[in-house]
Amino acid sequence: MVPGEGGRDGPSDRRTWLQERRAAAEAEYDAEAAGYDSDPYPHTSHEAFVRLLLETCPAGGTVLDAPCGTGRYFDQVRASGRHVVGIDQSAGMLDQARAKGIATSLHQVGLQDLTFDGAFDGAMTIDAMEYVAPEDWPSVLANLDRAIRRGGHLYLTVEERDQGAIDAAFAEAQVRRLPVVRGEITGGGAGAYHYYPGRERVMRWLDAEGLDVVAEAFDQEDGWGYRHLLVRSR
């Protein structure tokens, strides 16, 4: 049995279990980093929303890509005449991003640990919030909001699953005695963890943080739903 994956051998403390999931995910990304870009996932609206974000930033401004992964959107930022700073908790992914030679700076840090204060004209968090546990969502949004200047914009994606899959995963997790809450799906590799809060709950968190939605879209990609949100800091 994989430690932390269930049964009587798993940790009873939820925070410990979540920390293990986060550490395992980091290790998986490190292991996959070198070949990560060779098998890109399908996408439709990501680049369009990055463009919308960049249009809100002044020429020569700086955008935070958090997390940046291998730097997939660095070229788009540079082509727009803006600068990019990347963060990621995976050293392997940062090595790939660094090899592109585009970012002004790169930092190994997770979304939960960001400490930037008014340093950026905008920020993007793409295909990452599904790894954030519900108890960390408010603080992660606060970290991203604090990182951008007042009135700046943040683009984030929120992955969605159908309710049937969420209910089935919750039932299975209870059988396995995992310390989960509804909306969390675990399985597959040791680091497998996704949380699907749904649009209504996300909107409440955004409002509580003082982030107003200015553009929104939804894609269905290869069985996965992606909600795109461009929000403005009050």
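Buried means under 20% relative accessible area, exposed over 50%, and partly exposed in between (1.4 Å probe, protein chains only). This is a predicted model: local features need pLDDT of at least 70, side-chain atom pairs count only at pLDDT 80 or more, and totals for chains, interfaces and linings use all residues. Residues are numbered from 1 along each chain as its sequence is written, and side-chain values use heavy atoms, with hydrogens and water left out.

**Exercise 1. Place V85: is it buried or exposed?**

Step 1. Find the element. V85 sits in strand β2 (residues 83-88). Strands (E, at least two residues) and helices (H or I, at least four) are DSSP runs, numbered from the N terminus.

Step 2. Apply the cut-off. The relative accessible area of V85 is 6%, so V85 is buried.

Step 3. List the contacts (heavy atoms within 4.5 Å). Beyond its neighbours within four places in sequence, V85 touches T62, V63, L64, D65, T104, S105, H107 and F120.

**Exercise 2. Compare the span of helix α6 with the expected one.**

Step 1. The expected span is 1.5 Å times one less than the number of residues. Helix α6 (residues 163-175) has 13 residues, so 18 Å is expected.

Step 2. The end C-alpha atoms of α6 are 19 Å apart, which agrees.

**Exercise 3. Which residues of α6 are buried, and where do they lie on the helix?**

Step 1. The buried residues are A165, I166, A169, F170 and A173.

Step 2. Look down the axis of α6. Its buried residues fall within an arc of 130 degrees, so they line one face. The arc uses the directions from the helix axis to the C-beta atoms.

Step 3. Find a cover. β6 (184-186) is included in what covers these buried residues.

**Exercise 4. Which strands does β4 pair with?**

Step 1. Two strands pair if DSSP finds at least two bridges between them.

Step 2. Strand β1 (residues 62-65) runs parallel to β4, with 3 bridges. The partner of L64 in β4 is A123.

Step 3. Strand β5 (residues 148-160) also runs parallel to β4, with 5 bridges. Here G122 stands opposite H153.

Step 4. Check burial. In β4 (residues 120-125), 6 of the 6 residues are buried, so the strand is largely enclosed by the rest of the structure.
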